[in-house]
Amino acid sequence: MVRVREGENRNRKQKIMKALFNLTDAIQEELKSNVLINSVTYGDMDEVELMKSNRYPIAHVGISNGTISDATSTINLSVIFLSNVDEPKASEDSFNDSELYVQNNMLSAATKLVQTLKRGDLYGAGFQLEEDASVEFFSDRFTDNVAGVAIDMVITIKNSVSVC
């Protein structure tokens, strides 16, 4: 009789714990399907090996905090889209250089993710971005010669926990 209860508890725990996994898996799959992104990473940005240029462009996902309501939870998610920047040639127009090109491409990749969360497949799957995402453009933010955009957004998911 005790084993049945342990099995039931394990099944309940697995169902409860899957909400965040489902969100991160869905975000990862969406980013991997983006033709502007070569690799997707998760966690502490300091631990990502940026020097491996064959990995660029990179989308890096991080979670900071969230809230729990009656029927939903919100998760604060950040995604950094970055790629390496070529050194400008003396003959190039500095206004239209590699940094601006990278930022434009990374903004396009970020926009695709945001739109999918606002009204696309991810929205339909229950991962909903209710507010607009904030965007920060950067260059020389890291030790490598990279540029891109960072987006911060709040994603609403349905609670799957039963009180009974």
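Guide: A polar contact is a pair of N or O atoms within 3.5 Å, one able to donate a hydrogen and the other to accept it, and residues adjacent in sequence count only if both atoms are side-chain atoms. This is a predicted model: local features need pLDDT of at least 70 and side-chain atom pairs count only at pLDDT 80 or more, while totals for chains, interfaces and linings use all residues. Residues are numbered from 1 along each chain as its sequence is written, and side-chain values use heavy atoms, with hydrogens and water left out.

Visitor: Thanks! How many helices and strands does the protein chain have?
Guide: Both are DSSP runs numbered from the N terminus: H or I over at least four residues for a helix, E over at least two for a strand. Along the sequence, the protein chain reads α-β-β-β-α-α-β-β-β. That comes to three helices and six strands.

Visitor: Which residue's side chain joins that of His60 in a polar contact?
Guide: Start in strand β2, residues 58-68, where His60 has its place. The side chain of His60 reaches the backbone oxygen of Gly43 at 2.6 Å. A polar contact of 2.5 Å also joins the side chain of His60 to that of Thr41.

Visitor: Does His60 count as buried or exposed?
Guide: Relative accessible area decides this: under 20% is buried, over 50% exposed, and in between partly exposed (1.4 Å probe, protein chains only). Of the 164 residues of the protein chain, 38% count as buried. At 3% relative accessibility, His60 counts as buried.

Visitor: Which element gives the most residues to the largest nonpolar core?
Guide: A nonpolar core joins buried Ala, Val, Leu, Ile, Met, Phe, Trp, Tyr and Cys residues through side-chain atoms within 4.5 Å. The largest one has 30 residues, and Ile27, Val79, Phe81, Leu113 and Met153 touch the most other members. At least two residues each come from α1 (2-32), β2, β3 (72-84), α2 (98-119) and β6 (146-158). With seven residues, the one that gives the most is α2.

Visitor: How many residues are in the other core?
Guide: This other core lies apart from the largest one. Among its members are Tyr56, Ile58, Leu82 and Phe138. Its residues number eight.

Visitor: What kind of peptide bond runs from Tyr56 to Pro57?
Guide: Pro57 lies in the loop between β1 (39-42) and β2. The bond from Tyr56 to Pro57 has omega near -10 degrees, and the bond is cis.

Visitor: Which residue meets Lys112 in a salt bridge?
Guide: Here a side-chain nitrogen of Lys or Arg is within 4 Å of a carboxyl oxygen of Asp or Glu. The side chain of Lys112 meets that of Glu30 at 2.6 Å, N to O. Because Lys112 lies in helix α2 and its partner in helix α1, the pair ties together parts 82 residues apart in sequence. Lys112 is partly exposed at 36%, while a value of 13% makes a buried residue of Glu30.

Visitor: Which residue forms a salt bridge with Lys118?
Guide: The structure holds two salt bridges, and in this one the closest N and O atoms are 2.3 Å apart. Lys118 lies in helix α2 and its partner in the loop between β4 (128-129) and β5 (134-139), so parts 14 residues apart in sequence are tied together. At 25% relative accessibility Lys118 is partly exposed, whereas 63% makes its partner exposed. That partner is Asp132.
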